[in-house]
Amino acid sequence: MLEVGDLRLDPAAHRAWRGDAELDLSAKEFSLLELFMRRPGLTLSRTQLLDGAWDIAFESRSNVVDVYVRYLRETIDRPFGVDSIETVRGVGYRLRAD
């Protein structure tokens with residue numbers, strides 16, 4: 001079980017929660033959240049996120065990472081009025097450790 005703040009993720013059961021609310025994540029959103037939760041507070045580049053959550057042959061010039069980070073924010077942050085995933089301009093994204 002991974003825990004960062006009030007986010008919990010069970011990789012074995014493929015389930016995630018914010019507080020007591022279970023989150024309905026797509027497979028890609030789940031993969032991204034797991035990457036972030038394994039490295040809270042660290043900035044992950046788009047390349048690191050692509051390598052960790054997508055097929056190695058995926059075209060890295062697209063904005064797919066940005067799109068899926070937005071989807072993830074819509075699921076784990078917006079309904080709860082929090083901002084867990086920060087954009088680090090010119091570098092990538094990070095999950096707040098607090």
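Start with the place where two helices meet: in this predicted model, helix α1 touches helix α3 through K28, E29, L32, L33 and F36, and their partners in α3 are Y68, V69, Y71, L72, T75 and I76. Helix α1 covers residues 27-37, while α3 covers residues 64-76. How do two packed helices get described? In general, one gives the angle between their axes and the distance between the axes. Here the axes of α1 and α3 come within 10 Å and cross at roughly 85°. An angle from 65 to 115 degrees counts as roughly perpendicular, and α1 and α3 are therefore roughly perpendicular to each other.

Let us stay with α1 for a moment. Is this helix largely enclosed or largely open? Eight of its 11 residues are buried, so the rest of the structure largely encloses it. To find the buried residues of α1 on your screen, look for E29, F30, L32, L33, E34, L35, F36 and M37.

Some of these residues lead us to the core. In soluble globular proteins, nonpolar side chains tend to be buried together. The largest nonpolar core of this model has 26 residues, and L33 and F36 touch the most other members. At least two core residues come from each of β1, β2, α1, α2 (46-53), α3 and β7. Which of these elements gives the most? That is α1, with six residues. F36 is a good residue to click on: setting aside neighbours within four places in sequence, F36 is in contact with L44, L49, V69, L72, I85, Y93, R94 and L95.

Now turn to α3, where you can find the one aromatic pair of the structure. Y68 and Y71 form this pair in an edge-to-face arrangement, with 5.1 Å from centre to centre and 80° between the planes. Both tyrosines lie in α3, three residues apart, which is about one turn of the helix. How accessible are they? Y68 has a relative accessibility of 24%, so this residue counts as partly exposed. Y71 is partly exposed too, with a relative accessible area of 36%.

Next come the sheets. Strands of a sheet pair through backbone hydrogen bonds, either parallel or antiparallel. One open sheet here has four strands in the order β1-β2-β3-β4, with antiparallel pairing. Its edge strands are β1 (2-4) and β4 (21-22), each of which pairs on one side only. Strand β3 (residues 15-18) runs antiparallel to β4, and two bridges join them. One place to look is R18, whose bridge partner in β4 is A21. Our helix α1 packs on this sheet, where α1 touches β1, β2 (7-10) and β3, and its direction makes about 115° with that of β2.

An open sheet of three strands has the order β5-β7-β6, again with antiparallel pairing. What are its edge strands? They are β5 and β6, each pairing on one side only. Two bridges join β5 (residues 44-45) to β7 (residues 92-95), and S45 has G92 as its bridge partner in β7.

On the other pairing of this sheet, β6 (residues 85-88) and β7 are antiparallel over four bridges. You can follow this pairing residue by residue: E86 stands opposite R94, T87 stands opposite Y93, and V88 has G92 as its bridge partner. Between β6 and β7 the hairpin has three residues, and there G90 takes a positive phi near 80°.

Finally, we can bring α3 back into the picture. This helix lies across β6 and β7 and runs at about 150° to β6. So where have we been? We began with the contacts between α1 and α3, saw α1 pack on the sheet of four strands, and ended with α3 across two strands, β6 and β7.

Methods:
Residues numbered from 1 in each chain as written. Predicted model: local features only at pLDDT ≥ 70, side-chain atom pairs only at ≥ 80, totals over all residues. Heavy atoms only, no water. Pairing = 2+ DSSP bridges. Buried < 20%, exposed > 50% of the residue type's maximum accessible area, 1.4 Å probe, protein only. Contact = heavy atoms within 4.5 Å. Axes fitted to C-alpha atoms, helices over the stretch in contact; angles between N-to-C directions. Phe/Tyr/Trp six-rings, centres within 6.5 Å; stacked < 30°, edge-to-face > 60°. Core = buried A, V, L, I, M, F, W, Y, C linked by side-chain atoms within 4.5 Å. Parallel < 35°, antiparallel > 145°, perpendicular 65-115°, else oblique.
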